[in-house]
Amino acid sequence: RKPSILLSYVFLAVGAIALVLATIHSASTLAFIGLGLSFWGALLFYIRPTKYVKAAVLTSTAASSLARLAEELNQLGVEGKATYLPPRQMKEMKGGKVHIAKTLRSLGGIYVTPPGLGLTNLYEEELGVNFAEVDLRFLQTSLPRLLTRDLEIVEHFEMQAEADTVKVRLKSSIYGALAKEIMNVSPTMFNSLGCPLTSSIALALARSTGRQVIIQSNSISENGETIEVRFGLLGEAEV
């Protein structure tokens, strides 16, 4: 930030001097130079650079929290499938719940906050919409640009919907290393609850379709560059 401020002051000062000299000597070329330098000086002064966080820092901080969650689930003996639930009340629109069955065949279990809740709310804020008021087609057209260009979370994003299934392919994600870490620490959690990125997509699907969402399959390449997820839509849309 400091170098950009200093450079803006230099541009503004030199631009102002050029404009004064252009006025005194009636030099149009000097006037254009002064205007250009003044413009870039003002631009550098008002533009604030985005703060970036290294992927390694992101992975280390998030991995510890998710590892603790995996340990708690293991201690409780919860090993069933995680189901992302759609919001049923207005107060739940910005929240989210995931039900994890006690075992693969039981209905009982616990409710946890999805790891991608913050990301899903960020998507809605950036797009200026409530996912509960849009449909699946909106997600297919808006999420690719949002995740690749606006938020720069991934380099490539694909979403294909087929009946009760949604397939998503992610390439070069900033969450790639974290997803790999989760898979190594707790394969069950990786295949059921997902990483923050896949979790955020599951929650967005639950909100927009009004249906329960599960992760049917979740795979990641050896280098962590490509993540492929298959989401299942259960039941009928809740009104």
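Which helix is Ala-31 found in? That is where the first of these close-ups of a predicted model begins.

**View 1. Ala-31 and its contacts in the predicted model.** Ala-31 is found in helix α2, which covers residues 28–46. Leaving aside residues up to four places away in sequence, Ala-31 touches Leu-19 and Ala-22. Gly-15 is worth picking out here too: 16 residues separate Ala-31 and Gly-15 in sequence, and their C-alpha atoms are 8.7 Å apart. Is Ala-31 buried or partly exposed? With a relative accessible area of 22%, Ala-31 counts as partly exposed, because the buried class stops at under 20%.

**View 2. A nonpolar patch on the surface.** Four residues make this one: Ile-17, Val-20, Leu-21 and Ile-24. Together they give a patch of about 380 Å². Ile-24 sits in helix α1, residues 2–25. Its relative accessible area is 59%, so Ile-24 is exposed.

**View 3. The open sheet, strand by strand.** How many strands does the open sheet have? There are seven, and reading across you get β3-β2-β1-β6-β7-β5-β4, with antiparallel pairing. β3 (109–112) and β4 (156–162) are the edge strands, each pairing on one side only. From one strand to the next, the twist averages 25°.

**View 4. Where β1 meets β6.** Strand β1 (residues 82–85) and strand β6 (residues 212–220) run antiparallel and are joined by two bridges. To find your place, look for Thr-83, which stands opposite Ile-214 in β6. Helix α8, residues 196–209, packs on the sheet and touches β1, β4, β5, β6 and β7 (226–234). The direction of α8 makes about 30° with that of β7.

**View 5. The β4 and β5 hairpin.** Seven bridges hold the pairing of β4 and β5, in the antiparallel sense. His-156 stands opposite Lys-171 in β5. Between the two strands of the hairpin there are two residues. Keep an eye on Ala-163 in this hairpin, as it takes a positive phi near 55°.

**View 6. Helix α5 over β4 and β5.** Here the hairpin strands come back with a helix lying across them: α5, residues 136–150. β5 spans 165–171, and β4 is the edge strand at 156–162. Helix α5 runs at about 170° to β4.

Key: Residues numbered from 1 in each chain as written. Predicted model: local features only at pLDDT ≥ 70, side-chain atom pairs only at ≥ 80, totals over all residues. Heavy atoms only, no water. Patch = residues over 30% accessible without salt bridge, like charges linked within 9 Å, V, L, I, M, F, W, Y side chains within 5 Å. Areas by Shrake-Rupley, 256 points an atom, 1.4 Å probe, with all protein chains shown as cover. Salt bridge = Lys/Arg side-chain N within 4 Å of Asp/Glu carboxyl O. Helix = DSSP H or I, 4+ residues; strand = E, 2+ residues; numbered from the N terminus. Buried < 20%, exposed > 50% of the residue type's maximum accessible area, 1.4 Å probe, protein only. Pairing = 2+ DSSP bridges. Axes fitted to C-alpha atoms, helices over the stretch in contact; angles between N-to-C directions. Contact = heavy atoms within 4.5 Å.
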